[in-house]
Amino acid sequence: MQTISTTKNWEIGTTPIVLHDIHQHYVNIVVYQRDIISLVDEVSSLLKQDIVFEASGGADVIFNKMTKTVNLDRCPNFLQDISMLLQLFREVTHRDSFRLLIETIQNDMCRKFHTDVNDLRMLCTYSGPGTLWVTEENIHPKGLRDSRNVHSLPPRASDVRQLETGDVAILKGAIYPNVNNAVVHRSPTIEKTGERRLLLRIDTNATQQL
């Protein structure tokens, strides 16, 4: 029998302050809705390239590495936006060490609904469809069935929401302290349509505690 939650598990706003609500006990995803029209030209340029940029460490260390990357150093507005998001994530998480990924994507990545075995993760899709996530009304307590935390029960369409291009989201993972329910989510399917995505992902450098 399905367990119905009476409390919503998300907060959505049009200013960055909403990102701090991720620490509320009932919340496992927060979404900062924004317009990135000023980045369109640079994002279009990056989207034509095959980019996989990974870095870890403090925000300043990561940003310095980005400025020396051939694919990124000609996109000052894009770099400034990443720097701003790193600073926001640092303020929200109260952490000093992160893992960052910027990647152009042509496949479906994580096709099944799942939870992440991490602490907190920031996502922003600069081009292409955004991440899909599930409201608590359709989370079955036995739905996560294996070591990968894959959700075995398909959600109802009405319980699936999708981040818009440019939205900034922070997702609560399974090792967030005293987590109630980590957010269930998956990547959009793009292989059949031939779409490309430009994705930013930032994780806290947290140690697994499960």
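**Exercise 1. Cysteines**

Determine whether Cys75 is buried or exposed, and establish how many disulfides the structure contains.

*Solution.* Step 1: Cys75 has a relative accessible area of 4%. Buried means under 20% relative accessible area, exposed over 50%, and partly exposed in between, with a 1.4 Å probe and protein chains only; Cys75 is therefore buried. Step 2: Cys124, at 0% relative accessibility, also counts as buried. Step 3: A disulfide is defined as a pair of cysteine sulfur atoms within 2.5 Å, and a search of the whole structure finds 0 of them.

The model is predicted: local features need pLDDT of at least 70 and side-chain atom pairs count only at pLDDT 80 or more, whereas totals for chains, interfaces and linings use all residues. Residues are numbered from 1 along each chain as its sequence is written, and side-chain values use heavy atoms, leaving out hydrogens and water.

**Exercise 2. The sheet of 7 strands**

State the order of the strands in the open sheet of 7 strands, and identify which strands stand at its edges.

*Solution.* Step 1: Strands (E, at least two residues) and helices (H or I, at least four) are DSSP runs numbered from the N terminus, and two strands pair if DSSP finds at least two bridges between them. Step 2: The order is S1-S2-S8-S5-S10-S4-S3, with mixed pairing. Step 3: Strand S1 (10-13) and S3 are the edge strands; each has a single partner strand, so one side of each lacks a neighbour in the sheet. Step 4: Within the sheet, S4 and strand S10 (residues 197-204) pair in the antiparallel sense over 8 bridges; Arg99 has Asp203 in S10 as its bridge partner.

**Exercise 3. Helix H2**

Identify which residues of helix H2 (residues 59-67) are buried, and what covers them.

*Solution.* Step 1: Ala59, Ile62 and Met66 are buried in H2. Step 2: These residues lie on the same side of H2, because they cover an arc of only 70° around the axis, the arc being that of the directions from the helix axis to the C-beta atoms. Step 3: Their cover includes strand S3 (52-57), helix H3 (76-93) and strand S4 (98-105), where contact means heavy atoms within 4.5 Å.

**Exercise 4. The sheet of 3 strands**

Give the strand order of the open sheet of 3 strands.

*Solution.* Step 1: The order is S7-S6-S9, and the pairing is antiparallel. Step 2: Strand S6 (residues 132-134) is joined to S9 by 2 bridges. Step 3: Opposite Leu132 stands Arg186 in S9.
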